[in-house]
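Visitor: I would like a close look at a single part of this protein, and then at what else can be said about its strands and helices. Please keep it plain.

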Amino acid sequence: MQRSTYVVIMAGGIGSRFWPVSRTDYPKQFLDILGTGETLIQQTFRRFEKLAPLENIFVVTSTEYVGIVEKQLPMLPKDNILSEPERRNTAPCIAYASFKIFQQDANASVIVAPADHLILDQAEFENVCTQALQFIDTREALITLGIKPSYANTGYGYIQFSKEATEPGVHKVTMFTEKPDAERAAAFVSSGEYLWNSGIFVWKARSIISSIEKFNPGLYQLFKEKNSWLGTSFERLMIADIYAVCENVSIDIAVMEKADNVYIIPASFRWSDLGTWNSVWENMGKDTLNNAVAGNGVVVIDTTQCVVHASDEKLVVLQGLQNYIVVDTSDVLLICQKEKEQDIKTYVSEVKKLKGERYLYSVNNSLKRNTA
């Protein structure tokens, strides 16, 4: 390909809403949540194989997950795994990868995507990414991919866009809105002027660095001052220094909501951020009573609209449940109404307060932790 295309896969989250399957030391991006035979990060990596050469694909992840990334993506050069010593949200993550890539290639075009999303229709995804890359070839633009909403989901961010296209299929962004309430979400969907915020971005490395300089100069200066350390034995020390003092902020808040050169491409491929158990239910195959079941030992009786995740080795019998999440692991059983799924993070905090950190980590590692 003529242009230099790079990919940044963000893989540092802890996936607390997928507890108890997702644990702090082994979160959802490294799990086969949907029972496809591949983990989410493996699916994401494969999604980009035709869009960028292997040596141009980077993964940014927490220091504690580097070994997992190396094991699950053994073909990825180890120097392409960027290690974050602390969690500081997406703005520092994207700044780190962008400065790193820009140092290698001042003309780099970059696709940034989370490691834990589900995207169906690979061909359409590649077409949309290619369209975005062509758009930024001649413009200093920041592009985000938008998903046409199928219902008034309150767990997603929304992006309002101009109906008048800048060029076919590409529109100027007018406003970002974080997770609206049900009434506003319904109004957004019915208006036809809003798309779901996918969190997938396309831009030139120099364009996002310039925007960070303009709208978040503190973050820019932290990287600029020690830019020469990138690619040297001092890189990890540099990143440790930066992450110790930088702001915990998303790229949307740090840059995208402030910039005037933000565009969106409405995408038609099927997408989910797989942020909750309910989204897993929506994207899994179901039995005749609309139960999504993972686990060969699960038996459901008079049970409907449930998502069940259990070990193949354990018999789990459910009777009389409707619209529940049931997750059974070796050390935790979670039974929760689907409508309360957004509260699972709160339940995890309560478990930590009452029982210590033992149940926040996988069994092997929990034994090393203090318990209440």
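Visitor: How many bridges join strand 14 to strand 16, and do these strands run parallel or antiparallel?

Guide: The model shown is a predicted one. In it, strand 14 (residues 307-309) and strand 16 (residues 324-328) are joined by 3 bridges, and the two strands run parallel. One residue pair can be picked out here: Val 308 has Val 326 in strand 16 as its bridge partner.

This pair of strands belongs to an open sheet of 4 strands, whose order is 12-14-16-17 and whose pairing is mixed. At the edges of the sheet are strand 12 (292-294) and strand 17 (333-337), each of which pairs on one side only. On average, neighbouring strands in this sheet are turned by 5 degrees against each other, if direction is ignored. In general, the strands of a sheet pair through backbone hydrogen bonds, and the pairing can be parallel or antiparallel.

Another parallel pair is found earlier in the chain. Strand 1 (residues 5-10) runs parallel to strand 2, and 4 bridges join them. Within this pair, Val 7 stands opposite Ile 57 of strand 2. Strand 2 (residues 57-62) is mostly covered, with 6 of its 6 residues buried.

A buried residue can also be found in a helix. Thr 44 is part of helix 1 (residues 40-47). Its relative accessibility is 0%, so Thr 44 counts as buried, the cut-off being under 20%. Leaving aside residues up to four places away in sequence, Thr 44 touches Ile 9, Pro 114, Ala 115, Asp 116 and His 117.

The last part concerns two helices. Two packed helices are described by the angle between their axes and the distance between the axes. For helix 3 (residues 90-104) and helix 8 (residues 235-245), the axes come within 12 Å and cross at roughly 150 degrees. Angles over 145 degrees count as roughly antiparallel, and helix 3 and helix 8 are therefore roughly antiparallel to each other. The crossing of helix 3 past helix 8 is right-handed. On the helix 3 side, the residues that meet helix 8 are Pro 92, Cys 93, Tyr 96 and Lys 100, while helix 8 brings Glu 235, Ile 239 and Tyr 243 to the contact. Sorted by kind, the residues of this contact are 5 nonpolar and 2 charged, with no polar ones.

Conventions:
Residues are numbered from 1 along each chain as its sequence is written. This is a predicted model: local features need pLDDT of at least 70, side-chain atom pairs count only at pLDDT 80 or more; totals for chains, interfaces and linings use all residues. Side-chain values use heavy atoms; hydrogens and water are left out. Axes are lines fitted to C-alpha atoms, for helices over the stretch in contact, and angles run from 0 to 180 degrees between N-to-C directions. Angles under 35 degrees count as roughly parallel, over 145 as roughly antiparallel, 65 to 115 as roughly perpendicular and the rest as oblique. A crossing is left-handed if the near helix is turned anticlockwise from the far one by less than a right angle, and right-handed if clockwise. Contact means heavy atoms within 4.5 Å. Ala, Val, Leu, Ile, Met, Phe, Trp, Tyr, Cys and Pro count as nonpolar, Asp, Glu, Lys and Arg as charged, and the others, Gly among them, as polar. Buried means under 20% relative accessible area, exposed over 50%, partly exposed in between (1.4 Å probe, protein chains only). Two strands pair if DSSP finds at least two bridges between them.
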